[in-house]
There are 2 protein chains.
Amino acid sequence: MKEIWPGVAATGSVAAMTELTNRQIVVAATPEGGLTEADFRAQDGVAGEPGPGELLCRTVLLSIDPANRAWLQGRTYRDQVLPGQVMAGLVLGEVVAENGTGVPVGSYVTGDGGWQEYSVMPASRVQRVEQAGDLAHHLGVFGMTGLTAYFGLFDVGRPEPGETVLVSAAAGATGSVVGQLARTHGCRVVGITGSAAKNRVITERLGFDAAVDHRSPTFAADLKEACPNGIDVYFDNVGGPVLDAALRRMNVHGRVVCCGVVSQYDTGSPAPGPAGVPGLVVTKRLRMEGLLVFDYAARYAEGLAHLAGAVRDGVLVDLIDVVEGLDNAPRALMGLLAGENVGKRIVRVGPDRVSS
Amino acid sequence: MKEIWPGVAATGSVAAMTELTNRQIVVAATPEGGLTEADFRAQDGVAGEPGPGELLCRTVLLSIDPANRAWLQGRTYRDQVLPGQVMAGLVLGEVVAENGTGVPVGSYVTGDGGWQEYSVMPASRVQRVEQAGDLAHHLGVFGMTGLTAYFGLFDVGRPEPGETVLVSAAAGATGSVVGQLARTHGCRVVGITGSAAKNRVITERLGFDAAVDHRSPTFAADLKEACPNGIDVYFDNVGGPVLDAALRRMNVHGRVVCCGVVSQYDTGSPAPGPAGVPGLVVTKRLRMEGLLVFDYAARYAEGLAHLAGAVRDGVLVDLIDVVEGLDNAPRALMGLLAGENVGKRIVRVGPDRVSS
């Protein structure tokens, strides 16, 4: 191991050169209406130097999430990502250099590295990853989406065995895990997706009891038929008209887990709020509650243990949907927003290991 | 005491005659758009005979509530009140005859007696009232509205001392109690009403820290100024654009108590749902939860003890707004929906006691 910057331990390709080319995808413009490739541009920069307490990570995998789109439009639970900035995003990376962090070079970590080949992150802001099987699972079932499903379902939704749990974007990264966890918990599980093909995946491969296509002209009637005892917990990833329809079928004292609003992220003409709010919330005494997984950071180990147990028991399948190459990240996000993915969408930016 | 029907104990005017004229207000039509007097008609019927386990009550006071309007339009938490039926409503009545109930003739009870001078109710469906001061308080602070305020604020809203509590319809029966309870709990309390006169009542007489007029053209800015630290608990009695504005000012992990939707009950063109749902619910991790006081029936004694203590301590004023005469009940409800009341609106139907 050599020192290329004073005090910085490094290895592999980093140790072999003083300047590392760093391919980056930068926000070119704040989108107007639907996202287009013109809202991004690629550029070749130079990898930064880790300061004290920082890591230099080589991006292996990049997590593509619906929330990415919301970050481009304005302030959410984080500041807007502005034109000229590297697009933000969760990465799984290999530590290739570190500066007094105690994190060994060669470790894998996840963190907000952004859409680039190399990122400098404070060690305090990354999660160590102990590789178990395919690295992609650490962005899927063992990552933020799996943990979101776990805490959203059990802490916010609180289903009882025998209750009906409805989940939208049910073939997506979070929804597919929610449905499988609820089924294992003894619930009747109904999924909503946007295609017959996805509905086959969730019923035949993931064991959902029923599936409904929100694009069908008979959606409302199909939903009623799929939930003959009403809905006790609705895990909402989409908002919009699907939320509206679910509210009408909720049982008294039902719970709506407000996890995401993917139907509204990529549009210049957002739908009005659901007509059933607050009227149906009052008459049915519903609880609608928002969820952000970072609030549960102190309990990640509990969630990961539950998820790992379910995978080990063979009752939880992690569907992964990989797009190759950093330059395809904009198209990967556009496709995600259009619903083309099945399972967790990930962009592979580099190989798991680079020989040194 | 005589028996006028076999097995039925009765007293006073009931014992004095075999048939009692019973003035009734009947639903004439399901309203289209705003409520009008033509949606009701008065008729003279005959008081019914209490069957086994039933009471015959003489109505003293009739509670006028925003929910009355919703009952006319369709199914809510109860069946729609249909044309031809006596209008439903909570009454405080004197028991003038009973049939094996164990409830003494001459007792006061509250129950769903409807808009009429005499009603027959099962003893199992009424609440006994031990008169303490003005009977009207048993429909106000010691009635369903006071209990709604207590359970809604403390069980659903769960404010901490020092937090900001916002309440709409703040000069109304429920809102005025919510604000006073929250102030006594150590919260900053901001009320929303529809007039400067009401705002003076809630700040000068009830001790609210600030008041905002939702009809003001500067409402959004006024609300922001009145809540410099944001809103932690919003007790929503109105829905519509006021809910929309409150959602924008909610703090992370804020709570919205969904108690009523008075802005939407009396209109043929309901507002769309709030634009911030579910987007702001997700990003701010809000909890919106509906409330119906009947769910807390097992804990009414706890609530009444808290409310009685606050009245005794002089920190809770019960504003009562009386309209005289059963025939004025339709106008009393129309006026309530237009916001003309200050405090709990009640129609006086008869005297507290009738000499026998």
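**Exercise 1. Work out how chain A is built and how compact chain A is.**

Start with the parts list: chain A has 11 helices and 17 strands (DSSP runs numbered from the N terminus, with H or I over at least four residues for helices and E over at least two for strands). Keep in mind that this is a predicted model, where local features need pLDDT of at least 70 and side-chain atom pairs 80 or more, while totals for chains, interfaces and linings use all residues. Residues are numbered from 1 along each chain as its sequence is written, and chains are lettered from A and ligands numbered from 1 in the order in which they are written.

Next, size. The C-alpha atoms of chain A fill a box of roughly 65 × 45 × 35 Å along the principal axes. The radius of gyration of chain A is 21 Å, close to the 21 Å from the globule rule for 356 residues, so chain A is as compact as a globular protein of that length. (The radius is taken over C-alpha atoms, and the rule is 2.2 Å times the number of residues to the power 0.38.)

Last, burial: 54% of the 356 residues in chain A are buried, with 20 or more other C-beta atoms, placed from the backbone, within 10 Å of their own.

**Exercise 2. Follow the open sheet across both chains.**

Lay out the order of the 12 strands: β12(A)-β11(A)-β10(A)-β13(A)-β14(A)-β15(A)-β15(B)-β14(B)-β13(B)-β10(B)-β11(B)-β12(B), with mixed pairing. (Strands pair if DSSP finds at least two bridges between them.) At the edges sit β12 (210-213) of chain A and β12 (210-213) of chain B, each paired on one side only.

Now try one pair inside chain A: β10 (164-168) and β11 (188-193) are parallel over five bridges, and A:Leu166 stands opposite A:Val190.

Then cross between the chains. β15 (287-290) of chain A runs antiparallel to β15(B), joined by three bridges; there, A:Glu289 has B:Arg287 as its bridge partner.

**Exercise 3. Describe how α2(B) packs on α11(B).**

First, get the geometry: α2 (66-73) and α11 (329-337) of chain B pack at about 105°, with axes 9 Å apart. (Axes are lines fitted to C-alpha atoms over the stretch in contact, and angles run from 0 to 180 degrees between N-to-C directions.) That makes α2(B) roughly perpendicular to α11(B), a label covering 65 to 115 degrees; under 35 is roughly parallel, over 145 roughly antiparallel, and the rest oblique.

Finally, find who touches: B:Pro66, B:Asn68 and B:Arg69 meet B:Leu333, B:Leu336 and B:Leu337 (contact means C-beta atoms, placed from the backbone, within 7 Å).

Notes
Two residues are in contact if their C-beta atoms, placed from the backbone, lie within 7 Å. A residue is buried if 20 or more other C-beta atoms lie within 10 Å of its own, exposed if 12 or fewer, and partly exposed in between; C-beta atoms are placed from the backbone.
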